[in-house]
Amino acid sequence: MNIPDIKFPNLLIIFLLLACKSNDTQLSSFVNPLIGTESSFSLSNGNTYPSVSMPFGMTAWTPQTAEKGWIYTYQAEKLQGLRATHQPSPWMGDYGQFTLMPMLAPLRIADKERAARFSHESEIARPHYYSVLLEESGIKAEMTPSMRCAIMRFTFPKSKDAFILLDASDAQAKVSISPETQSISGYTTANSGGVPDNFACYFVLTFDTPFEVFGTFEGSATEAGQKSRNGEDIGAYVKFSTKKEQEIEVKIGTSFISIEQAQHNLKTETEGKDFDQLMQQAQEVWDRELGRIEIEGATEAQRITFYTALYRSMLFPHSFHETDADGKMIHYSPYNGQVEQGEMYVDNGFWDTFRAVYPLYSILIPEQHAAILRGLINTYEEGDWLPKWTSPGYRNVMIGTHTASLFAGAYSRGIRDFDAELAYEAMVKDALSPPAPRGPGRMGNPYYTRLGYVPSDKLGEATARTLEYAYGDFCVGQMAKQLGQENDYLYFSHTAYNYEKVYDPQVGFMRGREESGRWRPNFSPIEWGGPFTEGSAWHYTWSVMHDPAGLISLMGGDEAFVKKLDQLFEAPPEFEVGTYGREIHEMTEMVLGGMGQYAHGNQPVHHVPYLYNFAGQPWKTQQRVRAIMDQLYGPGPDGLCGDEDNGQMSAWYIFSALGFYPVCPAKPQYVLGTPLFKKATVHLPNGKTFVVEAPNNSEENPYVQSVLLNGAPYEKNWISHEHILNGGTLIFQMGNTPNETFGQAADARPFSLSAEISKEKLAEQTFVEPFYKETVAQPVFEDLPTHFRDKMILVSITTETPGALIFYTLDGSTPTQQSELYTGPILLEEQSALVKAIAFRDDMYKSPVASKKFVYIPHGFGIRLVHPYHPRYSAGGPLALLDGLTGSKHFDDGNWQGYLNTDLEAVIDLGRPMSLSHISMNFLRDQGAWIFLPEEVRVAVSLNGRQYTEVAYMPLDADEPVPGAAIRSLSENFEDLQARYIRVKAQNIGHTPDWHPNPGSQGTWLFIDEIRLDVKEDIQ
């Protein structure tokens, strides 16, 4: 990507004109939320959507061009509505989403059918405001946010049939219409995982204009005059008679607690405010936040890029707490399903954001940083672990335990308004405990604590895990040091050197290592995957942020280290797809970046250009960093070179444009680079200012000649956090040639663990493994079948931990110590139950929750499966297809029966001849997970089990590309069809279509659940 050659000049001109007309106090006018929206599955230019939101707002609002995945793309031609969203990334999916769409008759329900053409020339996107003209109807749609609410304004032409439609998404939902109060309320359970069973997003809509007609819909079927409906894929609509240019305002409140709380939020945040007043309020907030940094001497394109980056850095994590009627801060916990006290923040991938986002918060908004940390401690108390990814609850995505970096980095920077002792307890648990079954903790940790590395023959991404666990250990050790835990400091400093165990000096790279100690064979530095995560050895060899000096020593000294760094940027951008089996978008983006093997589009290398400082050649950092800023960032829709990832890509740019970067985020130190502007003023929360000046800075002068700090010569190539907080002026003298003497001295180099405490020094110390509480063993259910036909069944539960007490529930809710105490086998009498159990002991961490489904089958039907289902997706056995339970849109919910590379053939025995009047069945389609509809389904019947007569043939659109997950229901009616045996055949698609990311793959799934039969008694 070559940013100067912008592909969308009209949009850029519009933004430049608007920016020139604005005054410097309205910095929000320089923000272009459309940067990064020209993205797709195969190529990310940011993977962003234009988020209309308050800083860290609970609910964001965006135009919708697609229901799933990339919910807004710049290249789309039609708009499906204005959407409430909580999506942190298209890879994670959305939750709690719903959409409003204005239209003129005829009323159109489905996303694609109601979609309206729009032009970017009529589109205005700002942090606090969005406006678009729907071309065919002439309707103008606008929206503006508060923290949890929004006001939308629709300007209609003259019409007798002006509609506003509410689509509650395609999950289980409910809508209720009140013509008396001109309102709609309800909830949606839409989610992509990471939620308890009782999760819902509640909403309330109030209209400032009485509606004449109203109704509900389910699927594409409407019901005029109906006030309430619940089900899947439902919504509501209202109709008005409008005059020319009549404005209708809709106030929208959201909550994760209740409809009443949504009403309270709406009243608190919007009462007495119309659209323009709320918009002005939101703009003032954004102008204040963006005004924390003022820049001078920037081009207009740079100004747009910079302030958009600052906006992006303050969108995530989303606030998840609300304020009750008494003014108390409360939140629905996505970890235990209860309403709890205090802060909660969600939607963050710490694997990305620990690097630069949180160090940026520590400078600009330390109080907000502390609030997020308090929310993380609440996460630990409610869910027993710190999260790796939260959206909104635990998501087993990415590697490492990087919240340790957040806590250690904040504490070292003087941010201490959180329970540091409890945070440290949680950090130690992450570092030493075996991981939880649902994802938190360190996968492969038993190997790591025993061997000092994760073996690549036992676990994928093993070397990347080892490197990130070593950095995590460093963070825990630094926190221990600050808390006076000397033994723990020595222990974790020792294990922080584990990075050495996966460096192979023979090949000069980090490398996969097997449990035996042998190196993983057939090494190639350009092979992606395998021992690495979204990268190759070229990228992860530098992942020693806490000890670059030690890495330099491993590589043979400064010159060898610099030579290797140069090779990274200059090597051909070749790759081998490795265990990914196909070209993933990160590979494509590395090639398009044009910087050799350096892949700025993915976060693990963000610190790498700054490593030249550690080897005494900072001018090469200056050269590389300036090139990255100039070539890989820009003001257009393709203005990012990879995943934005919750602000990390933007935070890198902000720091780098200021002239320094936090290579080791857990330390209060920033490594110098090259400033982008002639002047930048950071307004600190303590009332002081830190000014970075580079008077002769220009495109031709990227090299630092000398530095003055508060008027005195400054020879180090790093500054401390204290330098910034104390305020003052950092002046860079710039030139067009490198100054190869600046930053050369050994004491000019930034922090490395080796300089603080060497391996040799540690070898002289005596220390023991830090104390941490063991975890109670997970309860185990007696090996009983999932389905039972006897009138009763006794369920026994045990735990291996002596003295532990077991508590259980039968309704699927999460058990606590207030639940039923297990004292003996549980009697289930003609009763289905989802039994959940947990075990406690006072001196240990509570156990993970165990669950097992027991399903009572009242009928005597039998079933024979000709082909075996996959054992991972059994749904409890053959009777799962007849047990009355239906699967959701999540393929791993335990109710779907999965068939890999094989067809389904099921023969149902009714036990005696009966009259069949109806048959139905559900199939799942989730093509991103390789789950396709069958190509065809055939139903046949027999009286003797030998001769069959085909009674239904249903061909399907198995290879049609459909985003997201969807359930396809098939059904057929009959008139007194005599049968004892019913045979259902469903043909697996057999291979992935050409449009699929892995075309031609034979690894295709067929998922079925619940064959329903309507039968009468014996035929006479």
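At what angle do helix H15 and helix H16 pack, and how far apart are their axes? In this predicted model, helix H15, which covers residues 548-555, packs against helix H16, residues 558-570, at an angle of about 95°, and their axes are 7 Å apart. The points below take up this helix pair, and then turn to a sheet of three strands and to a helix that packs on that sheet.

**The helix pair H15 and H16**

- Because angles of 65 to 115 degrees count as roughly perpendicular, H15 and H16 are described as roughly perpendicular to each other.
- On the side of H15 the contact is made by Leu551, Ile552 and Met555, while H16 contributes Asp558, Ala560, Phe561 and Lys564.
- Sorted by character, the residues of this contact between H15 and H16 comprise five nonpolar and two charged ones, with no polar residue.

**The sheet E21-E22-E23**

- Three strands, in the order E21-E22-E23, form an open sheet in which the pairing is antiparallel.
- Strand E21 (321-323) and strand E23 (339-341) each have a single partner strand and stand at the edges, so one side of each is left without a neighbour in the sheet.
- From one strand to the next, the twist averages 40°.
- E21 is joined by three bridges to strand E22, which spans residues 329-332, and the two run antiparallel.
- His321 stands opposite His331, a residue in E22.

**The helix on the sheet**

- Helix H3, made up of residues 259-270, packs on the sheet and touches both E21 and E22.
- The direction of H3 makes about 70° with the direction of E21.

Key: Residues numbered from 1 in each chain as written. Predicted model: local features only at pLDDT ≥ 70, side-chain atom pairs only at ≥ 80, totals over all residues. Heavy atoms only, no water. Axes fitted to C-alpha atoms, helices over the stretch in contact; angles between N-to-C directions. Helix = DSSP H or I, 4+ residues; strand = E, 2+ residues; numbered from the N terminus. Parallel < 35°, antiparallel > 145°, perpendicular 65-115°, else oblique. Contact = heavy atoms within 4.5 Å. Nonpolar A, V, L, I, M, F, W, Y, C, P; charged D, E, K, R; others polar. Pairing = 2+ DSSP bridges.
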